[in-house]
Amino acid sequence: AVIWLPCFLQYLSSGRDISFLSSLQSSEFFAPLETTLSILFPSACSLVIMLYGLLHSPVERGQLRTYLLLFLLLFVPLMVEPVNKMWHTGNYQGFPVRYGFMLIFIQLCASAQLMPGDKETLTLKPGIKTFVLPLLLGGLLLAYALFASSYVQTHLETLSSYTSTLWGDMDSLEALFVLFLISSLLFLFIYRCLYRRLMTPRIFLILSLLLVWIDASSNTQVYMFSADYDGHNAAYEQAVDLQHFTPVEAENNAWYRVKLHQKYFDVNLVGGLGFPSLSHYTSLTSQDYMFAMKKLGYSSYWMEVGGYGGTLLSDALLGVAYEIKELRDCGPRDTIVYENDTYAIVQTPASLGLGLLTSEDLSDTNDLDALTRFEVQELLFEKLFPGSPSPFQQYEHDFSYGMSIESDAYDQYQLQLMPKSETGYLYYEIEVDAPQALYFDCFDQLSNRLTEHINGSFTVYVNGLAVDAEYPSQRSNGLLYLNPS
């Protein structure tokens, strides 16, 4: 209870409990088999032993029956998505077989029970086959090792779909199945020879270990070393190089934060570089924090708060002193304090550091759900800087084409294409005669869904240049910064 109760309380305060029942109800019946089934492929040897033993041995031992029953129960989530989700507290994003280690462990236990252990059964039959077969199998294993090494190198991008996207696809499943099938057939041949007493247990052990080593090497390439494939490591090293920047605030023990301009890499890497980060991702991210950041105009989905987006005001209030940009995204007005071949650290125009002392009462700002992002920004400014003229201005479109537009009292807009129209246009003409930050927003409702029905609604152009071809999206659903570099 000392561990379970705090974890359960954190779960209740996180975004995971938002759609527990609806997530189960809306699930497909079958799990994503192209992802889940591949969990069995690296354990081909024990799977062959278990299936072969069930076909050739009666299931009489009580412990074996228990293992087989547990295996069937743990196999069900691989096939049935609602059951799979129940193992992930109702919903998940990637890693859909987190319980897979238990399935493999039970499979190993069942295989151990089904292996022949009677010394009389394992007595070697005399004959020339007992000398030729180990040499033949050794040659086959050598050929398989050479094939697997070449196959993994030439198909690595396909094989490693899971490591780059957290999901498998049919191409990766078929590619992984090729290695699984060859490994299974080879081990079936080896095991059959043992079962028919054509090799000693020692030879069987040596050949089995060689096969396991080949499979382990192949899977290590696919699931671990693939991170270095096609220059991935070079891009990562460029990001890690940013840790050599030491902000003045850090030297003076002053408060500051660092944010990403876009999602260039995993959001938690900002903190991993040693910077106080505006980004955050855990499996139990607080719902209040996630929704507050979304209302402030920052990108967020699932349990991830990206930290990119927002406004100059929200950045200043949250103590954002630096922003990580790709060099190509930097403009002439950016103050670059550190750069390498790919990234630059840019100093923000304003940062309020640790906080702001105010006599205003913020306790009556509880009904933020009904406010738009624009209204939230205005409310914050009015509360913190009373009597000052608002720096915000909301622009309306000059004209539209190919769509109907309706709005309600809460400034919520509904856009619908006209009959026979494939594309609609909103045209804004804004005269900028002094420096100002311009943002475009398409925000519907607070949620932590992986995808929103509004995703990809707009292609946004500024002065004829595309700023975002599919806005909003999973990677970018905060306020879209429009100022060209």
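User: Hi! Is Phe374 buried, exposed or partly exposed, and what's its relative accessibility?

Analyst: Happy to help! This is a predicted model, and in it Phe374 comes out as partly exposed, because its relative accessibility is 24% and the buried class ends under 20%.

User: Which residue forms an aromatic pair with Phe374?

Analyst: That's Phe392. The two rings sit 6.4 Å apart, centre to centre, with 85° between their planes, an edge-to-face arrangement.

User: Where do Phe374 and Phe392 lie in the chain?

Analyst: Phe374 belongs to helix H18, residues 373-384. Phe392 is in the loop between H18 and strand S8 (399-401), so the pair ties together parts that are 18 residues apart in sequence.

User: And Phe392, is that one buried or exposed?

Analyst: In between: Phe392 is partly exposed, with a relative accessible area of 21%.

User: How many aromatic pairs are there by this rule?

Analyst: The count is 26 aromatic pairs. One of them joins Tyr191 and Tyr195, whose ring centres are 6.0 Å apart. Their planes make an angle of 50°, so this pair is tilted.

User: Why tilted?

Analyst: Because 50° is neither under 30 degrees, which would be stacked, nor over 60, which would be edge-to-face.

User: How far along the helix are Tyr191 and Tyr195 from each other?

Analyst: They are 4 residues apart in helix H11 (residues 170-195), which means about one helical turn separates them.

User: Buried or exposed, those two tyrosines?

Analyst: Tyr191 is buried, at 0% relative accessible area. Tyr195 counts as partly exposed, at 23%.

User: Which cluster do ring pairs link them into?

Analyst: Ring pairs link Tyr191 and Tyr195 into a cluster with Tyr52, Phe187 and Phe204.

User: Switching topic: how many cavities of 30 Å³ or more are there?

Analyst: There are 4. The largest cavity holds about 110 Å³ of space, and the second largest about 80 Å³.

User: What lines the largest cavity?

Analyst: Its lining includes Phe41, Pro42, Tyr144, Leu176, Phe180, Asp215 and Tyr223. Helices H11 and H12 (201-223) each supply at least two of the lining residues.

User: What classes do those lining residues fall into?

Analyst: For the largest cavity, 8 are nonpolar, 3 polar and 1 charged.

User: How does the lining of the second largest cavity divide?

Analyst: That lining has 4 nonpolar, 3 polar and 4 charged residues. Among the residues there are Lys294, Arg373, Cys442, Asp444, Glu452 and Asn477.

Methods: Residues are numbered from 1 along each chain as its sequence is written. This is a predicted model: local features need pLDDT of at least 70, side-chain atom pairs count only at pLDDT 80 or more; totals for chains, interfaces and linings use all residues. Side-chain values use heavy atoms; hydrogens and water are left out. Rings of Phe, Tyr and Trp (its six-membered ring) pair if their centres lie within 6.5 Å; planes under 30 degrees apart count as stacked, over 60 as edge-to-face and the rest as tilted. Buried means under 20% relative accessible area, exposed over 50%, partly exposed in between (1.4 Å probe, protein chains only). On a 1 Å grid over the protein atoms alone, a cavity is a set of points where a 1.4 Å probe fits but cannot get out, and a pocket is an open set with protein on both sides within 12 Å along at least five of seven lines; lining residues have an atom within 4 Å of a point. Grid points are joined across faces, edges and corners, and a volume is the space filled by probe spheres set on the points. Ala, Val, Leu, Ile, Met, Phe, Trp, Tyr, Cys and Pro count as nonpolar, Asp, Glu, Lys and Arg as charged, and the others, Gly among them, as polar.
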